[in-house]
Amino acid sequence: MRSELLNQVTPAMQQASDWYARWLSGEMDEQAKLAWQSWLDADEEHHRAWQQMERVQQYFNKVPGALALATLQAPPSAERRRLLKHMILLLAVSGSGYYAYREQPWRGMLADIRTQVGEQRKLTLEDGTRLHLNTDTAVNIVYSPTDRIVELVRGEVMVETAHENVRIYRPFSVVTQQGMVTALGTKFSVREWQQQQRDLVKVSVFEGMVDVRPKGSQARPVRVNARESLVFSASQVFAKTALKNTDMAWVNGLLVVYAMRLQDFAAELSRYQSGLLRCDPAVADLHISGSFPLNDIPAILQTIAQTLPVKVQRYTRFWTTLSPA
Amino acid sequence: MSRPLSVPQGLIGLLYQEHHAWLRAWINKRLGCPNWAADLTQDTFVNVLLKADLPVLHEPRAYLTRIAHGLMVDHVRRRDLERAYLDALANMTSDDIGSPESRALMLELLVRLDILLDGLPAKTRTAFLLAQLEGASYQQIATRLGVSTRTVGSYVATAMLQCMALLQA
């Protein structure tokens, strides 16, 4: 960038432009997203720098892309080039160093079965157990003569265990980083996610029952019965809640919500598309209800814009913001 | 209420009398167009007249030529962009080219965007525009520019940083 501008650049602005470039790369994994979020929350100045970055984006968003590209990419006339040569100082310094792009090893890459963002997948295992993987999910299948283990590396899985006709019963468990969920002849789902930098797991039991053993707990397993949900971390078990029918809607390709905050809705929706879906704080507390087909996120956003005082701004295909209309 | 002019009218008059003809010749030599040179000379003096605080001018001609140069660059930029914009419109398949007012607004916006990108190396500028306006992937941009995806990321970050710095200025 131009040398005379360097003294106007703060470290926060450099970091914001660096994060912007990483978002645009489309390769932000969960870990990177968390790092970005904690950077953003760490300092008021980071917030301001990020908003400044968004202002630049809004600027570029005002012009139709193809037209702007053709105009701004046209080579300068000979006259302009000659004039520019007269310019007092035109030192271009390299920007390398601002941008510390790291390719992080991705644990899920090694998983046996994966789904991409926005993809779902159903499969039947050798014993007849059926798995339904939700968006952006990775599982390892580890069956042995004594155990049946599905390791949930990332995402959400619905399990319908099969009754094995064998003499020695092999317990069926879903293992997560935070602990183990053992099935007792059932249909249940396990989802892992992060909330306020905490790794959590939610178990929802639709039929039968399961036992939950958080990794760091020596206490007796917690039993979760049919029509119940339980959230736990490696060290803690939270209160059981009644199962909501809407928890299972994703299996049918639907997101069903009732009076959900728009910000939470945006967070839920962003599981199903890569890139950043942001909700302006001014509209974060609006509530939304409805049943939305997950295979058409743009249509969902359009519906939101039609029913709430919200406008949907798409800056790039990795960037969508919900802001006051 | 009018803004107080800190530059005394007499001083501007003196500046004008002494340097007007010389400045017009200076500009004309660079642009090769007497009419345009006359306009730009007037613009330069208007610019000086509107300055809130005119510095003590030890080198009045250096001062005037710096302002004139800035105006020339702006004019040529605007003219280049207008040509490129009209070319782009002509190549559009759509019949909807908007009203003259909306086209003028669009051109104004494009001028401002061009100013934000001013002075960036060509590849940096291209990488940023492709990513931001076309949503091209880093891989596509890397292939097109013959650089690594990592370098594309660095280009994009640099261009954004300059835009942020200029937009806040």
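**Entry 1. Terms and the model**

I count a residue as buried when its relative accessible area is under 20%, and as exposed when that area is over 50%. By that cut-off Trp39(A) is buried, because its relative accessible area is 9%. I note at the start that this is a predicted model.

**Entry 2. Chain A as a whole**

I looked up the make-up of chain A and found seven helices and 17 strands. Chain A has 325 residues, and 46% of them are buried. I then took the contacts in chain A with a separation of 6 or more, and 54% of these are between residues 24 or more positions apart. The exposed area of chain A is about 16,400 Å², of which carbon and sulfur atoms supply 51%.

**Entry 3. Chain B as a whole**

I did the same for chain B. Its secondary structure consists of seven helices and zero strands. Read from the N terminus, the order of elements is α-α-α-α-α-α-α. Chain B has 169 residues, with 46% of them buried. Of the contacts in chain B with a separation of 6 or more, 59% are between residues 24 or more positions apart. I noted an exposed area of about 8,800 Å² for chain B, with 55% supplied by carbon and sulfur atoms.

**Entry 4. Aromatic pairs**

How many aromatic pairs does a search of the whole structure find? I got seven over all chains. One of them is formed by Tyr20(A) and Phe128(B), with the rings 6.4 Å apart centre to centre and 55° between the planes, which is listed as tilted. This pair crosses between chains: Tyr20(A) belongs to helix α1 (residues 11-24) of chain A, and Phe128(B) to helix α5 (residues 122-134) of chain B. I checked the cover of each ring. Tyr20(A) is buried, at 0% relative accessibility. Phe128(B) is also buried, at 0% relative accessibility.

I went on to Trp39(A) and Trp50(A), an edge-to-face pair at 6.1 Å centre to centre with 70° between the planes. Trp39(A) is in helix α2 (residues 30-42) of chain A and Trp50(A) is in helix α3 (residues 44-61) of chain A, so this pair ties together parts 11 residues apart in sequence. Trp50(A) counts as buried, at 1% relative accessibility. I also found that Trp39(A) and Trp50(A) belong to one aromatic cluster with Trp23(A) and Trp36(A).

**Entry 5. Helix α7 of chain A**

Which residues of helix α7 (residues 297-307) of chain A are buried? I listed Ile297(A), Ile300(A), Leu301(A) and Ile304(A). They lie on the same side of α7(A), because they cover an arc of only 100° around the axis. The spacing fits a general rule: an α-helix has 3.6 residues a turn, so residues three or four places apart point the same way. On the other side of α7(A) I found Pro298(A) and Gln306(A), which are exposed.

I then looked up what the buried residues of α7(A) pack against. The elements are α6 (262-269), β14 (276-279), β15 (287-293), β16 (310-316) and β17 (319-324) of chain A.

**Entry 6. Strands β9, β11 and β12 of chain A**

I followed the pairing from β9 onward. Strand β9 (residues 198-214) of chain A pairs with strand β11 (residues 228-232) of chain A in the antiparallel sense, over five bridges. Ser204(A) has Ser229(A) in β11(A) as its bridge partner. β11(A) also pairs with strand β12 (residues 241-242) of chain A, in the antiparallel sense and over two bridges. Here Glu228(A) has Ala242(A) in β12(A) as its bridge partner.

**Entry 7. Thr124(A)**

Is Thr124(A) buried or exposed? I read a relative accessible area of 53%, so Thr124(A) is exposed. Thr124(A) is part of strand β2 (residues 121-124) of chain A. Apart from its neighbours within four places in sequence, Thr124(A) is in contact with Thr129(A) and Arg130(A). I also noted Thr161(A), which is 37 residues from Thr124(A) in sequence and 9.8 Å away in space, C-alpha to C-alpha.

**Entry 8. Cysteines**

I searched for cysteine sulfur atoms within 2.5 Å of each other. The count is zero disulfides over all chains. I looked at two cysteines for cover: Cys279(A) is buried at a relative accessible area of 10%, and Cys163(B) is buried at 0%.

Terms used:
Residues are numbered from 1 along each chain as its sequence is written. Chains are lettered from A and ligands numbered from 1 in the order in which they are written. This is a predicted model: local features need pLDDT of at least 70, side-chain atom pairs count only at pLDDT 80 or more; totals for chains, interfaces and linings use all residues. Side-chain values use heavy atoms; hydrogens and water are left out. Buried means under 20% relative accessible area, exposed over 50%, partly exposed in between (1.4 Å probe, protein chains only). Helices (H or I, at least four residues) and strands (E, at least two) are DSSP runs, numbered from the N terminus. Contact means heavy atoms within 4.5 Å. Accessible areas come from the Shrake-Rupley method with a 1.4 Å probe; for residues, only the protein chains shown count as cover. The arc is that of the directions from the helix axis to the C-beta atoms. Two strands pair if DSSP finds at least two bridges between them. Rings of Phe, Tyr and Trp (its six-membered ring) pair if their centres lie within 6.5 Å; planes under 30 degrees apart count as stacked, over 60 as edge-to-face and the rest as tilted.
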